[in-house]
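Trainee: I would be grateful for a close look at a single part of this structure. Please begin with the burial of one acidic residue and then place it among its charged partners.

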Amino acid sequence: MYILGWEIDFGHLEAVNLISSQKYSEKQIGYLAVTLLFHENSDLVRLVVNSTKKDLDDMNEINNCLALHAIANIGGREMAESLAPDVHRLLISPTSKSFVKKKAALTLLRLFRKHPDVMPVTDWADRIISIMDDYDLGVALSVTTLVLAFAQSYPLEYAGCYEKAVNRLKRILVDRDYSLDYIYYKVPTPWLQVKCLRLLQYYPPPEDAKLRSDISELLQIIMANSQDAPKNVQHSNAQNAVLFEAINLAIHLDSNSTICAQAAQLLGRFISSKETNVRYLGLETMAHLAACVDSLEPIKRHQETIMMSLRDKDISVRRRGLDLLYSMCDMSNAKVVVSELLRYLQVADYAMREEMVLKIAILAEKFATAYSWYVDIILQLISTAGEQVGEEVWYRVVQIVTNNEELQEYAAKTVLNYLGSPQYNETMVKVGGYILGEFGHLIANYPGCSPIEQFQAIHAKFNLCSLNTRALLLTSYVKFVNLFPEIKGQVLAVFNQYRYVLDSELQQRACEYLTVSTMATDDMLQTICEEMPPFPERESTLLLKLNQKIGDTEDKRVWFIGGKEANLERQEGLKRMASLRMNSTESTTSQSSPKQATTPTVSTPTAPVQQQQPQSQLAVDLLAFDDLTLGNNTTTPTTTTPTAITTPTSIPQPVTPSSPPPQNVPLAQGYELGYNRSLYTSEGVLYEDTQIQVSIKSEYHGSHGRLAVYITNKSMTSFENVRFHATSSTPETLSIHLTGESPKQIQSAGGQGCQLLQVECHDTFTDIPSFYMERNGADILHLKLPIVLTKFQEPITTMDGASFFKRWNQIGGAPRENQVIITCQVPIQLDNVRNLLQGFKFGLLIGVDPNPNNFVGAGVIDMGASGDVSFDGENTE
């Protein structure tokens, strides 16, 4: 009945009782019913745990196997916590039969993939690695699969598996030490060979000369064996599986070796094969080669064949062809590759279009040699792809156009031509509205580009657009009023019409713009509509978006699509792992302090004629306060460089804590130094001791603020079960929320995690919010966050003396006016005082006080939705 789809609400207790039976037939039926009817969240699972534990301890191997089947099929957290040690005991026990060990290894793998945080896998490393030498190839294969999963999460703890994998390959390929039962179509145990070869790719090339020599010999043997003509499809599949994994390992070890040169020739034949599987593997492996090799010339010889793969009948082959073209693109073939991708985009599958759009945009920006070519490609891309163009693409276009004056006139003229076509494309309308609103005056004197023609080209698409796009276009219209007074009447008619729409955002914009446009003088209008300044140099978010599109399988990727630059972080990570392994070995022998690793950097595509940007700078929503970009400050005294935060395209939602914040936890000793410094800086080290470093970055806009708290692990053990809490004692005046994804684990010796926070000021406050970090189930770090009222202050620097003292006199004395006299223990340095006041966001007014030793400052504090905006003034002597 259950298999036919009916819900079964009876027989559960009977199944539990059958598990406890001494008869094999009843026990088997009981376990079969439990695996079918129960799931990991079933209330009755805990009734099964004791019986299952008893069967795991039984000396009967059949009972062991029945229990292992049930654990693997149900796989709940409660089972993992209670039974994982017993499963591990069965795996390492010398009395366990081979078939029990195989099932135990695969059961542990299932539990680890489901609940990796509840299993002490680091404590099991040595015992599990030793089983890789088991004489039974089935056990060796199962354990190698388990180690492959563990090594991806805990590479240092499982580093001993490297030599074991090399030795196992030697026994198979050199010593021919294997059972005839494991020869699959003349290929000895291909599954184990593939697992071992893949396992080696998660570690840096060995320093041991003998190991390197052994691996080179093994790769040569595999390459030689691949020359045998396959007898049938099965023989070909097994042979190619080992060969392609060996090529991937050769690329990983040294992409410029003679083996890789031989592999490049082989891959050229494979991508032209008639078999779909071979073409697929050939394209994927060649993309790996392109991602690591210094010279792309051997790959460019097959450029025509690779382009033809975009029109393959199999979509998986088309995807791999796209990846390879993206990876092999450089300055010499960028125009050819990008033009081909644009042509193919018109007929490409909808499932591939969004990824293609990102890759074309990245390539056009990265390899542009002329502004006109970049603008033509991007606008053609937007015109062709339509709805598949993400927000990140047109944000980036606007940023680059705004930052390059030589590009603005050509971009405005070109986008106006696209808007003149009858085809409707909302993304093109957004780009056109922004660019013409900012730079339309540069082309106003050209034929066909008059102000009224610009307005009509945009407004013709106005009623077809979404509400958000209409709001953007209204902003462009008010800029037209400022730039082109001759069309003011037509624009005001639009504002007047939209004063009464139901949408509050459109209504508010229309009313405000109409009021500003009809004032007696244009001073306010000109101030509001000043030309946008260049955006700060930021890293493009297109790469971050592209990496999110690339899904992973159970095994982590050992390389990344996108050429050698995209894999620099991977290479740096491998070097860091090798360094940490060496430091770990030294620390165990000499008890020396561990060296702190540095964070690897990522090379990203940049705009034409722009320098490569630091990783900690981010792309931002250009038209709204959807993102609070955390800028870079080169004076931050951090010892470990925080990595960049992925900036979302909408305001992140608060995260509900999984548990209440800790109570009665004392503040960390010595926190005051970093806290006091952070009160007048936007980023820096908040707290540091021998185990941990806490750095902070912040940005405030009006009554809203966003903080990024970076946690750097300086110890040699990883932080497990990490949890964060942020609390405000007066949430009615200051609210604070965790946002984004919280790291659950922070790796040892240089590992880093990041927690984002959002704050909002509702009224004046004096209590400072607290930040808690729990780790390893017991350790709790309690810090004060440097969030004070002046963080929400906007400095005023354009006020003269008369206006300042008029406003000062309106304050009306105490309690809104206060005077404090302090005695300084050291000589006062005026430059230091000036920097402190500016750090607290006071706008210093020059010339208001004739005494140069006095500072006069002013600022406005935004109180958010309450509308309570206060004015600050300061006269410091």
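Mentor: The residue to begin with is Glu-355, whose relative accessible area is 16%. Because buried means under 20% relative accessible area, Glu-355 counts as buried. The model is a predicted one, and the values discussed here should be read accordingly.

The side chain of Glu-355 forms a salt bridge with Arg-319, with 3.6 Å between the closest N and O atoms. This pair links distant parts of the chain, since Glu-355 belongs to helix α19 (residues 350-366) and Arg-319 to helix α17, 36 residues apart. The burial of the partner differs in class: Arg-319 has 24% relative accessibility and therefore counts as partly exposed, the limits of that class being 20% and 50%.

The pair also belongs to a wider arrangement. A network of salt bridges links Glu-355 and Arg-319 with Arg-320, Asp-323 and Lys-359. By the rule applied to the model, the count of salt bridges comes to 27.

Two further pairs may be set beside this one. Asp-312 forms a salt bridge with Arg-279, and their closest N and O atoms are 2.9 Å apart. Asp-312 lies in the loop between α16 (303-308) and α17 (315-328), whereas Arg-279 lies in helix α14 (residues 276-292), so this salt bridge ties together parts that are 33 residues apart in sequence. Both Asp-312 and Arg-279 are buried.

In the other pair, the side chains of Asp-55 and Lys-27 meet in a salt bridge with an N to O distance of 3.1 Å. Here too distant parts of the chain are linked: Asp-55 is in helix α3 (residues 45-57) and Lys-27 in helix α2 (residues 24-37), with their positions 28 residues apart. Asp-55 is buried, and Lys-27 is buried as well.

Another buried glutamate may be considered by way of its polar contact. Glu-774 lies in strand β10 (residues 770-775), and its relative accessible area of 12% makes it buried. Its side chain is joined to that of His-725 by a polar contact of 3.0 Å. When neighbours within four places in sequence are left aside, the residues in contact with Glu-774 include His-725 itself, together with Asn-721, Val-722 and Arg-723. Pro-662, Asp-779 and Ile-780 are also among the contacts of Glu-774.

To return to the starting point, Glu-355 is buried at 16% relative accessible area, and its salt bridge leads to Arg-319 in helix α17.

Definitions and conventions
Residues are numbered from 1 along each chain as its sequence is written. This is a predicted model: local features need pLDDT of at least 70, side-chain atom pairs count only at pLDDT 80 or more; totals for chains, interfaces and linings use all residues. Side-chain values use heavy atoms; hydrogens and water are left out. A salt bridge is a side-chain nitrogen of Lys or Arg within 4 Å of a carboxyl oxygen of Asp or Glu. Helices (H or I, at least four residues) and strands (E, at least two) are DSSP runs, numbered from the N terminus. Buried means under 20% relative accessible area, exposed over 50%, partly exposed in between (1.4 Å probe, protein chains only). A polar contact is a pair of N or O atoms within 3.5 Å; within protein, one must be able to donate a hydrogen and the other to accept it, and residues adjacent in sequence count only if both atoms are side-chain atoms. Contact means heavy atoms within 4.5 Å.
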